[in-house]
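Biologist: Please choose one strand of this model and take me through it closely. I want its surroundings, its partners and how far I can trust the prediction.

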Amino acid sequence: MNEKYIAGLLDADGHISVRPRVGATPDLDVSIAQATPYVAVLEYAQQQFGGRIRFRHDGAHAELQMRSGPAR
């Protein structure tokens with residue numbers, strides 16, 4: 001697995017968004033979702049880039065959430 005694979009995964013099963021905040025600069029939010037049997041892919045990306053893994057839909061899906069610091 002390499003960075004191009006993770007970029008393709010983000011393109012197919014993820015999103016990048018800007019999270020506005022009242023009275024503060026916005027944050028960049030990146031998340032990638034996979035079915036729980038494939039959580040190892042998310043764990044690898046988490047080791048490379050940080051973030052946290054959350055399980056959703058009664059544990060059927062896992063989501064890696066990565067959030068930046070405030071924008072400049």
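Modeller: Here is a close look at strand 4, with the overall layout before the details.

This is a predicted model, in which local features need pLDDT of at least 70, side-chain atom pairs count only at pLDDT 80 or more, and totals for chains, interfaces and linings use all residues. Residues are numbered from 1 along each chain as its sequence is written, and side-chain values use heavy atoms, with hydrogens and water left out. The mean pLDDT (the predictor's confidence in each residue, from 0 to 100) is 88, with 96% of residues at 70 or more. Confidence is lowest in helix 1, with a mean of 86, and highest in strand 3 (residues 52–56), at 94.

Now the layout. The protein has two helices and four strands. Both kinds of element are DSSP runs, numbered from the N terminus: helices are H or I with at least four residues, strands are E with at least two. The order from the N terminus is α-β-β-α-β-β. The C-alpha trace spans about 40 × 30 × 20 Å along its principal axes.

Strand 4 covers 61–67 and supplies at least two residues of the largest nonpolar core, as do helix 1 (3–13), strand 2 (24–35) and helix 2 (39–49). Such a core is a set of buried Ala, Val, Leu, Ile, Met, Phe, Trp, Tyr and Cys residues joined through side-chain atoms within 4.5 Å. Buried means under 20% relative accessible area, exposed over 50%, and partly exposed in between (1.4 Å probe, protein chains only). The core has 12 residues, among them Ala-62, Leu-64 and Met-66. Helix 2 gives the most to this core, four residues. In soluble globular proteins, nonpolar side chains tend to be buried together.

Take Met-66 next. Neighbours within four places in sequence aside, Met-66 is in contact (heavy atoms within 4.5 Å) with Leu-28, Asp-29, Val-30, Ile-32, Phe-49, Gly-50 and Gly-51.

Glu-63 also lies in strand 4. Is Glu-63 buried or exposed? Glu-63 counts as buried because its relative accessibility is 12%. Its C-alpha atom is 5.6 Å from that of Ile-32, although the two residues are 31 apart along the chain. With neighbours within four places in sequence left out, the contacts of Glu-63 include Ser-31, Ile-32, Ala-33 and Leu-42, as well as Arg-52, Ile-53, Arg-54 and Arg-56.

Arg-56 is also the salt-bridge partner of Glu-63, with the closest N and O atoms 2.5 Å apart. A salt bridge here is a side-chain nitrogen of Lys or Arg within 4 Å of a carboxyl oxygen of Asp or Glu. Arg-56 is partly exposed, because its relative accessible area is 30%.

A second bridge joins Arg-67 to Asp-29, with the closest N and O atoms 3.7 Å apart. This pair links distant parts of the chain: Arg-67 is in strand 4, Asp-29 is in strand 2, and 38 residues separate them. Arg-67 has 46% relative accessibility, so Arg-67 counts as partly exposed. Asp-29 has 9%, so Asp-29 is buried.

The whole structure holds four salt bridges. Away from strand 4, Arg-19, Arg-21 and Asp-27 are linked in a salt-bridge network. There, the closest N and O atoms of Arg-19 and Asp-27 are 2.3 Å apart.
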